[in-house]
Structures are given as structure tokens and as C-alpha cells.
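Here are some notes to read alongside the coordinates. They go through the points one at a time, beginning with a question about strand pairing.

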Amino acid sequence: MLHLKLRTFTPIFLLCILAGCGGGGTSANLSDTPNPIVAAQVANITPANTGETVSVFVALDSSDAAAAGASTTQSPEEQRAAQQAYFLKTLEENVTPSLTAAERNNATCSSSSLATRVNEAHTPKSGSAVRIDLNACELGLLSKIKGVAGVYADIPMSTQDSQWSSNVRKENIVATINRSFDGVTAQPTIGTAKTDGTGQVIAIMDTGVEERHPALGSSKVLPGACFSTGNNGGNSLCPNGKSTDTSSATAGRSCADTWKGGRDAGVTAGCSHGTAMAAAASMSYGNPRPISNDIQGAVKGIAPAAKILPVNVFSQNGNGLTSSMGDLLAGVEWVTSEAQRRRNNKLAPIVAMNVSLGSGSYTAACDNDYVGGLFKTAFANLRAQGVLPIVATGNAGLKNAIAFPACVSNAVSVSATKLLHQTGGLASYANISRQTKILAIGGDLLGSYALPALCPSSWLTNPSIGYDCWEKVAGTSPATALVSGGVAALYSAKPTATVAEIETALTSKKASATAVFVTVGSPAVTLPALRLTASAYRLLNAIEPITPGAPAPEPAVEPPPVPLAKICLYSGLNYTNEITCFEKEYGQNGSYTAIPFESKVGSIQITDPNNNNVSLTGKASVEIIAYAIGAGGLLSATVTASTPDATRLTGRDNPIIRIVSIDTR
């Protein structure tokens, strides 16, 4: 059975949207006529509760730089900064005068905290935009501010790992690392070239990294940064309590240390994730605590000699952990400037940026989306500094779509296989599309591997445990971290390599002694699996020998046919104005996932992907859960629709869908 659950905010009359919150602003910085395009965009994302804020990217019209006080003699960067400053100043100065008398007396329409939010706004270098949290009244003013070209929701993102039940078979991580090289030997020396990450740095964009874990250590984990905007009553997880911290000694440390409610609550929420990703890429531990059979003997990550630069891009939302496109973009731009600084000062270079997080589903490159375009520019700037963006495709089990920002065309998108590449095949949860560039071992329900994790507070004083905790993982998250470590391993073999040479060595389909390729999907696509020994020989233009005693190549296995459902969401009735379509496996190999996005849904259609005219009657049902913020916190109401392939939601006043939860098991 295939189920779709649509969680929405209960539709309430939207206030202060189209006319600048009802006032008639007279400032020279305001237009008498609202911009209809901006007004429509605002109407689509404005929260029903006027006391609630929403994170948005405000696009600024770069052709109107003169109106912002920018001079034609200024550089493009100076003009962009002038536009951003002009917008923030105009917003702050005109919101209150634009309110009607009734709105001024309405506490929920108050902009008393706007100064703080303006101070915490991100002003990207990747485009003329501002990322800021605004309430309904403030959003309503945007259509009248001169130079505002568009408004786009900042979508929340989550980590891309899957936790399995305790009876999952676990594999020693050493076997996974060996298989990621040639199946026998990890970090081989090829001629005089080392493949252990010596002299390289990997940036981990995640929940922060626990450098006190003995598998990592303070000599490996560099001082990092934090970009954490706690909107709507949420909490920043930066040590300095602000939305940005690039100077505190512990700015990049695991978010459990700054979790409101204590370390143990942060551990439960998922603050271990960044530590696990750093370990998969670069841990080096001679004698881990022998907890079980899967953690014994010396343990190393892909590039054990590489350094880790931790960047926390997550915030606390109640008891939950969430990131956002805005905080991630700010982190990417900081890594870019830090990479330039390190190269200018002859320090070990940052060569990979690991992004094991994401959201949404995209069947094609998302570069044409406004925020996707910002990330494409940011990734291009990152590559110009010698850093490859390595990004997880996501764990929704989608067979023709991947998550954001893996959908950005100049990202190195990574999907996941089971413990064995070809004989195991693609992991059931793994998103994949023709944009996917490489596969790595992520594990699955039948087998995963253990990585370092955070210990609960009660264990820290135990001399036999301390910070030495581990947990099983599976997902495109750890698969992506293995590839990020692989970039460092290849750069250590050839430090003078270009970004293009490293990417080609990783993702080439050129056959060699130990190369592995996996055929997946329908129509089938063949993708390279992470096999770093073969990649290193390609990079060095050397002939790869056949290792004595190496196992026989894994036989190619034709993927068995799987039952797929094509799920399409439309903003209009009768399947008009398509928002997105994706395919998902159902039945025995189905999975559960939650896909965050911001849009209104008018109808849903679920059909056979090979024939859109064949509905999957009896294979699907739709449940709508409407959310609202009440005095007691989060309230919910449920409506169930039984029509299997065509559920119209306009009877609920076409609310804004925040999350699509899909269960295809």
C-alpha cells in the first residue's frame, strides 16, 4: 500500500499581504503601486498567524543599483552590498509607518524584533539578495519597496541518514573502507604517491564535530564556524548565541554542547551526525573501545591523514534539529573565503566540502530556481578555490529525482549502495536520477556499519568510555562522507591536480582492474561506484596492476523490475499547473520519507510511471494533516480522503503544504 500524508498549516485569513499591511507608505523608497509579481509570491508564502515568521530570500533587482545609492564606479561586489544595505534600511524604516492604526495596536503584527532580525540577516555574495525572517506585516511591505524583484521561501533541510532497528547486521567499517579502495587494501601508496589525505582539509557542513572523540582529536579537527538562525522561536546553536559565529574556539563543535535542554537532548535530536560524517571521511583510531564485533582493532576513515574543518549549519526548532538553505549558503560562502585565505597563506588547502543534508525532490537540475541559481554561483566560486562540493542525493527512495542542493548541476551528487556494490545494488532508500554522478556504500536494512557518535552526559565521567561512543548508520549521508574523504585521498596523491581532474578521476566510467559500475533504474543508467585505487591510477595516468589475491570482480547484476508509482502534485484542480512529479518504489522495498517544500496543492495524481493513463487504484490513499500554531503549541486536525489516485485538496481552501510525508512500505 502506498500512502501520502500531507501536513499543512490550517488556512486562516492571510493578513497584511497585498497592500503593504494596509498602510499607504509615502517614503521615496516605496512605490505607490505594489509590484503584482512580488505581491503574488508573498501571498503564497505568508503565514496565516501574523505572529509567526517565515524565512525568505528577497531577490533584488540588480539593474536598479542606482536607486540603492550605488555608484557606477563601484565594483559589482560593492554595488551588491549597497543594494542589500538599502533594502534592509528601507524595510526597517517603513514597516511601522505603513501599518494601519488597528495593526499598530495588534501585538501579533508587531515588528519590535525586526531590528534583531535585520542584524542577523544574511547578505549573500552569490547574488543580489537578502535572506531574512519576516512576519506577515513585514512581508506585505515587500511588494512596495523599490528594487525588490522577487520573494522565495527558504526551505528547511534535514540530515540524510537512516536509523535502523537494533537487529541490523553491522559490518566493521574497515571492510567498507577497503571496499571503497580496491576491496583489499586501503590508502595504498602508488609509486611514491600517498592516498591517505596527507596535507588536505575537508569541510563538514553539518551539526558540528566532537573533536574530543578519540577517533578524531583536536589535532585533526580545526577551529570551525557556525551559521544557525533560530527562527520562529527556535534557538541558534552557535556558542556565541548569535546566528553567526566564525571566531569562537568551539564554533564548529557538536551542537549538543549548545542545545537548549542539555547535552542528552541534543544527542537524541541528532547532533551526532556531523561527528559521524567527519569520522567516515577522516578518522584515525589505533585501538577503539571494543564495544562489539563491528568495532575492533585499528579503525581508519577514507583519508585518515586529512584535517577536518567543522561548520555547524543546524538550528534547534523545539525538540527538533533543522537546517536551512540560507544558513547553508552562508556556510558555503564562508568556506570559500576560508579556502582562499588558506591557499594565500600557504596552509593546507580545503579540497572537499561535505553536504550530507538536503530536502525536496527535483527531476532535473534546479539551477533555474532562484535559490538554486544562488547555489550554482556559490559552488562555482567554491570550485574556483579548489574545493569540490560533495552532496547527498537524499533518502526518500525516489527513482527519478534527487534532493536540493544535490540537484545543482555543478555539485558532485552522491547516492548510496548496500554493503556490496553490484551484488547488493542500490539501497532502497536512496534517491537517484540521471544527475547522480557517483555511488558509495551507504548500507541498508540488512547491513550497515558503525561510526563514532556522541556519548550521553552520564558516560563522559566513566573512564572506560568517556567520549568513545559509536552507533550504526545507513544512508546517502555516510556514502557522501566517504566520497568527500576520497577527494582528499586523491589530492594527497597529486596535490597539483585541478578540480576537473579530481572529479573526472572519481566519476569516470573508464574500466580498469578494480573499477566497479552499477546499473540501476528504469530506464537503466550505469554509474561508477567509489573505488579509489582505480581513481588514483587514472589521476596519475598510471596502469593499474591486478593485485595478487584480489577478489574476482563482482559480477554485473541486472536490476530486477520493481513496482513504481508516479506521484504528481499540482497547484490547480484536475491535474493542472504541475508542481513536481517523482517516482517511488512501493511494496516490500518501499520506504517512509518526509519531503519539505513550500507550495499549494490543488490535486494529486498517482499513476503507473510507464503509462500515465493507468491509475494505481487500491495502491494509494491520501491523508491530510493540517497544522496550526495555538496558545498551547502545535495543534493538528486530520482529514482522510479515500480516492486512490485523485485527491483534491481545494476543499481545505488550498493551504500551503509544508511537508509531504510518503509511506510506500
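Which residue is the bridge partner of A225 in β12?

1. The bridge partner of A225 in β12 is V311. This model is predicted, and the points that follow should be read with that in mind. A225 belongs to strand β8, which covers residues 225-227, and β8 runs parallel to β12, the two being joined by 2 bridges.

2. V311 has a partner in another strand as well, for M205 stands opposite V311 in β12. The strand concerned is β7, residues 201-206, which pairs with β12 in the parallel sense over 6 bridges. Strand β12 itself, residues 307-312, is mostly covered, with 5 of its 6 residues buried.

3. Elsewhere in the chain there is an open sheet of 3 strands, in which the order is β3-β2-β4 and the pairing is antiparallel. Its edge strands are β3, residues 129-135, and β4, residues 148-153, each of which pairs on one side only. Direction ignored, neighbouring strands of this sheet are turned by 35 degrees against each other on average.

4. Within that sheet, strand β2 (residues 53-60) pairs with β4 in the antiparallel sense, and 5 bridges connect them. A59 can be used to check the register, since its bridge partner in β4 is G150. Helix α1, residues 36-45, packs on the sheet and touches both β2 and β4, and the direction of α1 makes about 15 degrees with that of β4.

5. Helix α12 covers residues 476-493, and its length can be tested against the expected rise: at 1.5 Å a residue its 18 residues should span 26 Å, and because the end C-alpha atoms are 26 Å apart, the two values agree. The helix is also mostly covered, as 18 of its 18 residues are buried.

6. A charged residue that deserves a look is E333, which lies in helix α9, residues 325-344. E333 is buried yet has no salt bridge. What is the nearest side chain of opposite charge, and how far away is it? That side chain is K125, at 6.3 Å, whereas a salt bridge would require a side-chain nitrogen of Lys or Arg within 4 Å of a carboxyl oxygen. Leaving aside residues up to four places away in sequence, E333 touches P124, K125 and S126, so K125 is counted among its contacts under the 4.5 Å heavy-atom definition.

7. The remaining points concern backbone geometry, where the general expectation is that most residues other than glycine have a negative phi and most peptide bonds are trans. The bond joining F404 and P405 is a cis peptide bond, with omega about 5 degrees. P405 is found in the loop between β18 (402-404) and β19 (412-417).

8. K346 has a positive phi, near 60 degrees, although it is a residue other than glycine. It lies in the loop between α9 and β15 (350-355), and K346 is exposed, because its relative accessible area of 76% is over the 50% cut-off.

9. N541 is likewise a residue other than glycine with a positive phi, here near 55 degrees. Its place is the loop between α14 (532-539) and β25 (564-570). Is N541 buried or exposed? With a relative accessible area of 71%, N541 is exposed.

Terms used. Residues numbered from 1 in each chain as written. Predicted model: local features only at pLDDT ≥ 70, side-chain atom pairs only at ≥ 80, totals over all residues. Heavy atoms only, no water. Pairing = 2+ DSSP bridges. Helix = DSSP H or I, 4+ residues; strand = E, 2+ residues; numbered from the N terminus. Axes fitted to C-alpha atoms, helices over the stretch in contact; angles between N-to-C directions. Buried < 20%, exposed > 50% of the residue type's maximum accessible area, 1.4 Å probe, protein only. Expected span 1.5 Å × (residues − 1). Lys, Arg positive; Asp, Glu negative; His and termini not counted.
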